[in-house]
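Let's take a friendly look at how two helices pack and at a couple of backbone angles that may catch your eye. Have the viewer ready as you read.

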Amino acid sequence: MSKAYTLFQLCHSPSTNFLFGSSKSHRVMNKLLPWNINAGLYMIPGWKVYPTLHFCKNVQTTTYEVVNASYVPTAQTKEEKEIKDKSSAQLDTVGAFQKLPMVMPSVDILYSALKKAKRVSPTKGIPNIAKRERNRGAKQLDALMKEIAVPLRTYLENFPKKKYLHPYERSLIELTLGDGNYEEVLGKVNALRKNVVSVGKEHASLCAKSLTKREAEERLSEGRKKIEEIFSHEGKAVDALLHIAKTLRAMPVVDLETPTLCLVGAPNVGKSSLVRILSTGKPEICNYPFTTRGILMGHIAFNYQNFQVTDTPGLLKRCDEDRNNLEKLTLAVLSHLPTAILYVHDLSGECGTSPSDQFVIYKEIKERFGGHLWLDVVSKCDLLHKSPVVFITDDDNPDHVELARYRKLGPDGAIHVSIMSEAGLNELKVRVHELLTSQMAKIKSEKSNQEI
C-alpha cells in the first residue's frame, strides 16, 4: 500500500467531539488520529486521500407530553389548548341535547343492581365458613354500591354544564325547565351517588370485620336495606333527570350553517298557518293565543337547497320583565341564532291584538333586531275591510300618520296574503326564497371573515 493521507472533513462545533460509529471505534480513532481543532482534519499515514464531507446537527432537547396518543412538544400543546379554549368559549355549535345519555328509571336501576349483586359469589378457596360468608357479604355490598353509583356517575359526566352550552341552548334550558332546575337536579343526583358510595363502603367494611357467619349475614342484610332506603328516598332525582333528558332531547335541532327563517308576530296572527304552507312543519293551529307552546321546526327545499323554518310563540305588548317563558323563547331565537325574520301582521281584528298594539310590538322588535334580514307579511287579507276594525285600546291620534297607514296597509313593502283564498302565496314563496338565499350568502361571508 502506498503512503498517502486520508482526509476527513467534519462540520465541527465546540460541543462536538465524536465520530459517527460505535463507541469502540470512537476510542480507537481518537488514539490513532492527530486532532486539529482549528482545521478539523484527521490524517492517517499509508492511506489514500479521499475528501469526505459530514454534516451533523446540534442536539436540541425538548420536553414532550402525550396528547391524543402522540408526542407533542409542550409549547405547541399550550398553544393548541389556548386555541381550543377560545373555540369552546365562542360556543359556535349546537346539538348537545341530542348527545344526552339514556337515563334509566330509578326503579330499574335499583332492581338491576340488587339482582346483579345477589349473583356475586365468595372468593374460591376459603375453607372457614365465617370467613367465606363475610367475604361474600362484603363483595355483594361492594357490587351493589358500584352497580348504582357507576350509572349515576356516567349521567353526571355526560350531562353538559350550562356554561359550555351554546347561548341558545342555555336559554332553552332556563325557559323550558325553569331557572336553576337543571343544576339542582344534577346536584341531587350527585348527592345520591355520594350517599350510596359512602354507605356501601361503610357496611362492606363492617361485614368484612364480622366474626361469625350469622353476624356477616346480618350486616349484609342491614347494608342492603340501608342502600335501598337511601335510593328509594332520594331516587326521585333520577326520575327528574330522566324527564329533563326527554324534554331536552325533543328540542328541535338548528343547524347554524343552514339559513333559517323565523316567523314572528303577535299571538294568533297566522304564523303557524304560513309555516304549514311554506315548509314541512306541521304546527298546531287553533283560534286562541299561544297555540305554539315551544319552538317548532320545519324545512324548505328550493332548487335542491335546504332551508329551515321556525314557528315561535306570539309576542304581547309588554316589557321584557313581564313576558312569559314562551315569549322569552322567541326572543332567545332572535338573539342567539342567525335567522332571517318573517314578521306577520294581522289587521283584520281576528287575532285579538289591536293593530295599535301590534304596531308597538313591531317597532320594538324591528329596533332590537334590525340587523336581521327582514320581510313583512300581512295575513288574512281576505278579511280586511275598507274601514278597519277599531279596538278600545287603539290609539286614535289623527296626527300619528305612520300608525294610520299601518292600520290600513301594514308596513311599507309588506306582502298581503290569504291562506283561504291563496292570494299572494306565490309571491310570498318567491320572496322567501330570495330572503333565504341572501341569508345563506350572509352566513358564508361571516364564516369567511371569522377564518381570516
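Is the crossing of H5 and H8 left-handed or right-handed? The crossing of these two helices is right-handed. Please keep in mind that this is a predicted model.

**The helix pair**

Two packed helices are described by the angle between their axes and the distance between the axes. Here, helix H5 covers residues 167–177 and helix H8 covers residues 236–249; their axes come within 11 Å and cross at roughly 125°. H5 is therefore oblique to H8, since an angle that is neither under 35 degrees, over 145, nor 65 to 115 counts as oblique.

On the H5 side, the contact is made by Ile173, Thr176 and Leu177, while H8 brings Ile244, Thr247 and Leu248. By type, the residues of this contact of H5 with H8 divide into 4 nonpolar, 2 polar and no charged.

**Positive phi values**

Turning to the backbone, the table lists two residues other than glycine that have a positive phi.

| Residue | Phi | Loop between |
|---|---|---|
| Lys380 | near 55° | strand E10 (374–379) and helix H12 (401–409) |
| Glu422 | near 65° | strand E11 (415–416) and helix H13 (425–451) |

Is Glu422 buried or exposed? With a relative accessible area of 58%, Glu422 is exposed, because the cut-off for that word is over 50%.

If you want to look at these places yourself, start with Ile173 of H5 and Ile244 of H8, which are among the contact residues, and then move on to Glu422 in its loop between E11 and H13.

Conventions. Residues are numbered from 1 along each chain as its sequence is written. This is a predicted model: local features need pLDDT of at least 70, side-chain atom pairs count only at pLDDT 80 or more; totals for chains, interfaces and linings use all residues. Side-chain values use heavy atoms; hydrogens and water are left out. Helices (H or I, at least four residues) and strands (E, at least two) are DSSP runs, numbered from the N terminus. Buried means under 20% relative accessible area, exposed over 50%, partly exposed in between (1.4 Å probe, protein chains only). Axes are lines fitted to C-alpha atoms, for helices over the stretch in contact, and angles run from 0 to 180 degrees between N-to-C directions. A crossing is left-handed if the near helix is turned anticlockwise from the far one by less than a right angle, and right-handed if clockwise. Contact means heavy atoms within 4.5 Å. Ala, Val, Leu, Ile, Met, Phe, Trp, Tyr, Cys and Pro count as nonpolar, Asp, Glu, Lys and Arg as charged, and the others, Gly among them, as polar.
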